[in-house]
Amino acid sequence: MTARAGTPAHADARHHADAGSLPGMPVSEAAAVPAAQVLSELGSTPAGLDADEARRRLALVGPNAVRTHHAQPLRVLGRQLQSPVLILLAVTALVSFFLGQRTDTVVIGVILLASIGLGFANEYRAERATEALHSQVSHRVVVQRSGRSVEVDVTELVPGDVVRLVLGEVVPADLRLLSTSGLECDESVLTGESLPADKGVPPVAAGSALAELAGSAFMGTVVRAGTGMGVVVATGGQAEFGRIALGLGERQPETDFQAGLRHFSVLLLQVAVALTSLILVANLVLHRPLIQSLLFSLAIAVGITPQLLPAVVSTSLATGSRQLAKRKVLVKRLVCIEDLGDMDVLVTDKTGTLTEGQITFTAALDAAGADSEQVRRLGLLSTETDPATGTTGSVGGNPLDSALWAAPAATTQPLVGYVRLGLLPFDHDRRMTSAVVRGPDRSQQLVVKGAPESVLPRCRTLPAGAEGTLQAQFAAGSRVVAVASRAAGDLTVPTAADETDLTLAGFLIFLDRPKAAASASLQRLAALGVTVKVCTGDNALVAEKVCADLGLVSGGTLSGADLTGMDDEALAAAAQTATIFARVSPEQKARLITLLRRRGRAVGFLGDGVNDALALHAADVGISVDTATDVAKDAADVVLLEKDLGVLADGVTEGRRIFANTIKYVLMGTSSNFGNMFSAAAASAVLSFLPMLPSQILLNNLLYDASQLTIPTDRVDPEQLRAPAHWDIAFIRRFMVFFGPVSSLFDFLTFAIMLGVFHAGPALFRAGWFAESLATQTLVIFAIRTRRSPFTRSRPSVPLLLAALTTVLIGAVLPLSPFSDVLGFAHLPARFFLALAGMVVGYLVLIELAKRVFFADPEGRVPHLPRSHQHRLQRRAARFSVGAPLAH
């Protein structure tokens, strides 16, 4: 649409929207027409929308979101009820009620409701914790509102907003570009193409493929270079990225760990179906009532199926996020906890992590190594600071410049009479700053200051001793800036082409001392199996000296020039062993991370600058600090409140602790719990009565599950934290086959004692086996939770100990309580409890012996699989999330 003469563009857009159309247009259409026409059709201008119009459009089109972190109780309840076995059991119990078996049916109903309620309460509480976590995280974007630059939440963008793009940012919506300056975008999340796409303003041919839309920037892609301005043409599900993301669902994605649990549940369901089918057939062959046989079979299936497993996982992750926050580690999404635990390679910068981060100026030397006031003066004149005042420039400016001006000798007095005429700022390609200054004698001089590797080759000749002075300072661990100059003639504003034919004046020497606590933190990470690699913009010799001082053994050093000369295959191989990567550019950092990931490593990257954003996006887990630039914090998955590797080690430990504790629940379900259900199946085929009533099986399962909700609080042995752990269904299957029969052996011993010693009838038999099965399958956690000797070399947490003992006590007391008749139990004689104590002790001793046999042959480590493209797409989509249901 085109604005009518005399009608403001915003009013025209409002007119059309009110007529039934929504503001916005497909990005493919917008790319094929001039930018001015797109602005007109969207009812916008280069100055953007005004605040009122933006609010009106937001109400009309909805938030710019493709995910919701809104906790929905009905959805959580639905997940508790979606088990087909549970539904069939409830239906069968209802039929039983109308056939007259009302007492049993009511008991079954109450137990089912309690089980569902327990799962719902814990999982919903975890979802609320997730909602609170997401609500604390916001991603901001700079937009033009009525000609002024303002920051808004990315979910508040609407078609017609004019957005600024800078290096490292994620493009917040589909944009038609209005202006660009060397703009390149990484579109691999959409197209799979690894090379960045060049962007410009001219329209493209109509019908061009997505990868050919050079005049547009796509939601979810990353700015790899340059800057730009663009007008939003599509948001949320209307954007290209949004359509793909919504195709994967609008809920927050499940973690790899939750996916593994789902696969494990499928394994148990297959076992349950096979077992219950055999039980049902056997009972029908024995001419037992159909409804009772069906109820018994389904109760067995419920007993095998880990009903509270999702609640245990959700509770573990939510508890983990709170524990990490106490340890000064903030995670943006629960999946980040798992990513931290998986990490086995950490690539980090040097400044502030391995060093104090407090850079001090120590000396200005001439080429021969003597103190030089002239070199210091030239250094001050070529900083990105106003030499007339000596005040620092923009916030987050060059720390070396700040240190130079903060030195006691840095007063403005020696600079009286000097005027700076022009400045070419530092960039990571040139690695230099140049300034044209006019001295007291009215002569003009070009002063160049930067990395020695960049400045020295531009000098005509090097004075004698210059190389020796430089190498000596590098070997001492000093950071060195070279200073050179030449006559400038009539030059006022320098360019890169002017930085030639220089004369070396000398060197500025700075020191950033190694951090005292870094050595211990590096040792902790090494103990966790995390290989630390250092990516720095500093000189290789300086980085090697710092690493040596801290005890970090180097496997070799590669420079940025080395990386440039290597193809991907060669660099991927070299990066496996190299420890230090010096003088690397932002693009090289991202390339290094990507290649390490391709080799099957789970890679974390710790960075805090604008130029670290690309690597933060490329890593499996991006880590930044609270004092980092906004772009770096926005790109990170995890934010440390202290730039300390020790804090990061806490995060890795917590991620692995959560996995280890949840696996304990899984292994319990595949050992004693499975063994007890197998025993029930076998006993039903040989006894003249059911070994346990359906309601008793369900009650047993409910009490057992409730006791395991404290597993997330348990301690974890240090050896379980030494390397990332991954799902191994084959290992779990072997564990089930090995330990399940041990549990069944003691069940059969119980059967023999109840029938041979106590001459038990059905009610007494069921009471005895109920107490024994609940005791053994609950207390076995103390053996299974560790590969060490329990209690002596590995103590459980107090909540787990109390929960387990309380559950065993309840199982022993129930047959003696007033509820025993309703539950179908008979009172147990005192002698039984002596036998029970002996059987429990014998069972735990046998399990301990079996454990040593089983773990004598250590299983191979399951390799880490590189994250899939879908995983990375889901991770990118999580930044476009709102705490309310999505509008469709």
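This report describes two sheets, the nonpolar cores, several helices and a few single residues of a predicted model.

Residues are numbered from 1 along each chain as its sequence is written, and side-chain values use heavy atoms, with hydrogens and water left out. Because the model is predicted, local features need pLDDT of at least 70 and side-chain atom pairs count only at pLDDT 80 or more, while totals for chains, interfaces and linings use all residues.

**The eight-stranded sheet**

Helices (H or I, at least four residues) and strands (E, at least two) are DSSP runs, numbered from the N terminus. Two strands pair if DSSP finds at least two bridges between them. On that basis an open sheet of eight strands runs in the order 9-22-21-20-10-17-19-18, with mixed pairing. Its edges are strand 9 (329–331) and strand 18 (557–559), each of which pairs on one side only. Neighbouring strands of this sheet are turned against each other by 20 degrees on average, direction ignored. Within the sheet, strand 17 (residues 531–536) and strand 19 (residues 580–582) pair in the parallel sense over three bridges, and Thr 536 stands opposite Ala 582 in strand 19.

Angles run from 0 to 180 degrees between N-to-C directions, with axes fitted as lines to C-alpha atoms, for helices over the stretch in contact, where contact means heavy atoms within 4.5 Å. Helix 13 (residues 335–342) lies across strand 9, strand 21 (621–625) and strand 22 (638–640), and runs at about 125 degrees to strand 9.

**The six-stranded sheet**

Another open sheet has six strands in the order 11-16-15-14-13-12, and here the pairing is antiparallel. Strand 11 (360–366) and strand 12 (419–424) stand at the edges with a single partner strand each, so one side of each is left without a neighbour in the sheet. The average turn between neighbouring strands of this sheet is 25 degrees, direction ignored. Strand 12 pairs with strand 13 (residues 432–438) in the antiparallel sense over five bridges, and the bridge partner of Arg 420 in strand 13 is Val 437.

Two helices lie across this sheet. Helix 14 (residues 373–381) lies across strands 11, 12, 13, 14 (444–450), 15 (479–487) and 16 (503–511), at about 80 degrees to strand 16. Helix 15 (residues 399–406) lies across strand 11, strand 14, strand 15 and strand 16, running at about 90 degrees to strand 16.

**Nonpolar cores and aromatic rings**

A residue is buried under 20% relative accessible area, exposed over 50%, and partly exposed in between (1.4 Å probe, protein chains only). A nonpolar core is a set of buried Ala, Val, Leu, Ile, Met, Phe, Trp, Tyr and Cys residues joined through side-chain atoms within 4.5 Å. The largest such core has 97 residues, of which Val 233, Leu 346, Phe 581, Ile 623, Val 638 and Leu 640 touch the most other members. Helix 25 (residues 645–669) gives the most to this core, with seven residues. A second, separate core of 87 residues includes Ile 111, Ile 279, Phe 739 and Leu 823.

Leaving aside neighbours within four places in sequence, Ile 623 has contacts that include Leu 340, Met 343, Leu 346, Phe 605, Val 638, Leu 640 and Leu 648.

One aromatic cluster is formed by Phe 731, Phe 735, Phe 738, Phe 739, Phe 854 and Phe 855.

**Helices 27 and 29**

In helix 27, 13 of the 14 residues are buried, so the helix is largely enclosed by the rest of the structure. For helix 29 (residues 762–779), the count is 16 of 18, so this helix too is largely enclosed by the rest of the structure.

**Three loop residues**

The table gives the location and relative accessibility of three residues in loops.

| Residue | Loop | Relative accessibility |
|---|---|---|
| Ala 725 | between helix 27 (694–707) and helix 28 (729–756) | 34%, partly exposed |
| Lys 328 | between helix 12 (309–326) and strand 9 | 36%, partly exposed |
| Arg 442 | between strand 13 and strand 14 | 60%, exposed |

Lys 328 has a positive phi of about 70 degrees although it is not a glycine, and Arg 442, which is not a glycine either, has a positive phi of about 75 degrees. Ala 725 lies 383 residues from Asp 342 in sequence, yet their C-alpha atoms are 7.1 Å apart in space. Beyond its neighbours within four places in sequence, Ala 725 is in contact with Asp 342 and Phe 659.

Key: Phe/Tyr/Trp six-rings, centres within 6.5 Å; stacked < 30°, edge-to-face > 60°.
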